[in-house]
Amino acid sequence: MAAKNMEELVSLCKRRGFIFQSGEIYGGLQGLYDFGPLGVELKNNLKQAWWSSMVYERDDVEGLDASILTKPAVLQHSGHEDTFTDPLVDCKSCNSRWRADHIGGKSCPKCGSKELTKPRPFNLMFKTNLGPVDDGSSFAYLRPETAQQIFTNFKNIVDSTSRSLPFGIAQIGKAFRNEVTPRNFIFRVREFEQMELEFFVNKGDDEKWHEYWVEKRLCWWEKQGVSRSKLKEHVVPAEDLSHYSKKTIDIMYEFPHGFEELEGIANRTDFDLGSHTKNQGDLNIGAAIKENTDSVSRLAIQDVETKEWSVPYVIEPSAGVERGLLAVLNEAYSVEKIGENKERTVLSLAPHLSPIKAAIIPLKRNNEDIVRIAKEVKVELQGLGLGRVLLENTGNIGKSYRKHDEIGTPICITIDFDTLENKTITIRNRDTMLQTKANISEAQKILKDLLVKQ
Ligand code: ATP
């Protein structure tokens, strides 16, 4: 199942409070979005699922949360100042701007004119001024990827955790790119979040680890409800590789607008640590790096036996949170026929991703006893710490079911007169729409069974 088109998803996201255009009351700003009450939960859940699988479920990865504002030297030595560019063309007829690689350099998608300027490089990094004087003498970049501060913290982390190869550093956080043509809802935006792992390995083991991470990441996306049939591995052709990459495999997903990159998995070789390290000449670095006389840190690892220093290779799985959200929403979305002339919209999200884990619905909104018990169940289930549990006291049970189908709540728990009489509750399943009775004392177990991995 999937949405018929992007408009269906955009409409659901706005109607139910997942995603809004940023600055909408002032006409909005292109390429920027705000995440509403349900969007923030879904986003947090997706990030938590990534963090759990990358950090908690492994013993060879450490976490990091580095600053967004980045010292220019970092992005100078990483190569971003010189090469983090897109080829830009202007239409001479209507003055619109396009990415040459997106339009194939032929004609203007807006007015059809073939009068386009020659492509010129446009740097995608945002700059901002530091301190009170705005004369360009003191500025920082808003990081265009989370990776670089992982590399600059390499020695801090090795020294403080006594790690040896292979091991990884994971980070989730905002990244900023001044995209020429933001488009396709949250697919291509100017402010987004990345979930990045830099996995450090010995040279020679890099290809094996690259394959390992591609498979691992495909499996993870499947666990988030993305069907394998909509995922494709794309080996990036040599001429399109980033300056640091020996090989990149993109995981492509069939978004409503077509197959596009969901995650990139790159073999970054010893380029990054090699570019940021001091004493480059002593370290036998293979990548084509530029001289660095600014760094004060040796970003290398000493072999315990041979005592030789070497610069690790890096395998990087880098996924976008917004693209992940779009894929997960698209996969979960369906409009089902129920009965003769009725249909329902349902988001069959994996329960661990659902913004609301359970809705507690009192059958009568004004019955004090029923509402009191409903509140007690809400508090009890919320206390499990498994995510948001919502008391839904609208008095209209049919409407509540429809709403919770549409926002992906896996179960609704109804408190009714039977609860007062014999302590039973009604559990209504989102996917099957079946209603079953259970004793109120089983509520915790039911929610745990739904959410806690065995
Ligand atoms: P594209 O070719 O689509 O511009 P990219 O190859 O530049 O993407 P990477 O630099 O590999 O992207 O970034 C890693 C991940 O970050 C991407 O797979 C994507 O999920 C996410 N990402 C990159 N740019 C954007 C953006 N402008 N908006 C939303 N997500 C993005």
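Here a student and a tutor talk through one predicted model.

Student: What kind of model is this, and how are residues numbered?
Tutor: It is a predicted model, where local features need pLDDT of at least 70, side-chain atom pairs count only at pLDDT 80 or more, and totals for chains, interfaces and linings use all residues. Residues are numbered along each chain as its sequence is written, starting from 1.

Student: How many helices and strands are there in the chain?
Tutor: Let's settle the terms: helices (H or I, at least four residues) and strands (E, at least two) are DSSP runs, numbered from the N terminus. Counted that way, the chain has 14 helices and 24 strands.

Student: What percentage of the residues in the chain is buried?
Tutor: A residue is buried if 20 or more other C-beta atoms lie within 10 Å of its own, exposed if 12 or fewer, and partly exposed in between, with C-beta atoms placed from the backbone. The chain has 454 residues, and the buried share is 38%.

Student: Which element supplies the largest share of the shell around the ligand?
Tutor: A residue is near a molecule or strand if its C-beta atom, placed from the backbone, lies within 6 Å of it. There are 16 residues around the ligand, and Phe192, Gly264, Ser318, Gly320 and Arg323 come nearest. At least two shell residues come from each of β11 (191–201), β14 (258–269), β17 (313–320) and α10 (321–332). The largest share, four residues, is supplied by β14.

Student: How many residues of that shell are charged?
Tutor: Here Asp, Glu, Lys and Arg count as charged; Ala, Val, Leu, Ile, Met, Phe, Trp, Tyr, Cys and Pro as nonpolar; and the others, Gly among them, as polar. The shell has four nonpolar and four polar residues, and its charged residues number eight.

Student: Helix α10 also packs against α2, so how is α2 oriented relative to α10?
Tutor: Two packed helices are described by the angle between their axes and the distance between the axes. Axes are lines fitted to C-alpha atoms, for helices over the stretch in contact, and angles run from 0 to 180 degrees between N-to-C directions. The axes of α2 (residues 37–56) and α10 come within 10 Å and cross at roughly 105°. Angles of 65 to 115 degrees count as roughly perpendicular, under 35 as roughly parallel, over 145 as roughly antiparallel and the rest as oblique, so α2 and α10 are roughly perpendicular.

Student: Which residues of α10 make the contact with α2?
Tutor: Two residues are in contact if their C-beta atoms, placed from the backbone, lie within 7 Å. By class, this contact has five nonpolar, one polar and two charged residues. On the α2 side are Leu42, Lys43, Leu46 and Lys47, and on the α10 side are Val321, Gly324, Leu325 and Val328.

Student: Which residue of β9 is the bridge partner of threonine 70?
Tutor: Two strands pair if DSSP finds at least two bridges between them. Strands β4 (residues 69–70) and β9 (residues 139–142) run antiparallel and are joined by two bridges. Strand β8 (residues 126–129) also runs antiparallel to β9, with four bridges. For threonine 70, the partner in β9 is tyrosine 141.

Student: Where is the cis proline 166 found?
Tutor: The peptide bond from leucine 165 to proline 166 is cis, with omega near -5°. Proline 166 sits in the loop between α7 (154–161) and β10 (167–176).

Student: Is asparagine 279 buried or partly exposed?
Tutor: Asparagine 279 has a positive phi of about 50° although it is not a glycine. Within 10 Å there are 13 other C-beta atoms, so asparagine 279 is partly exposed.
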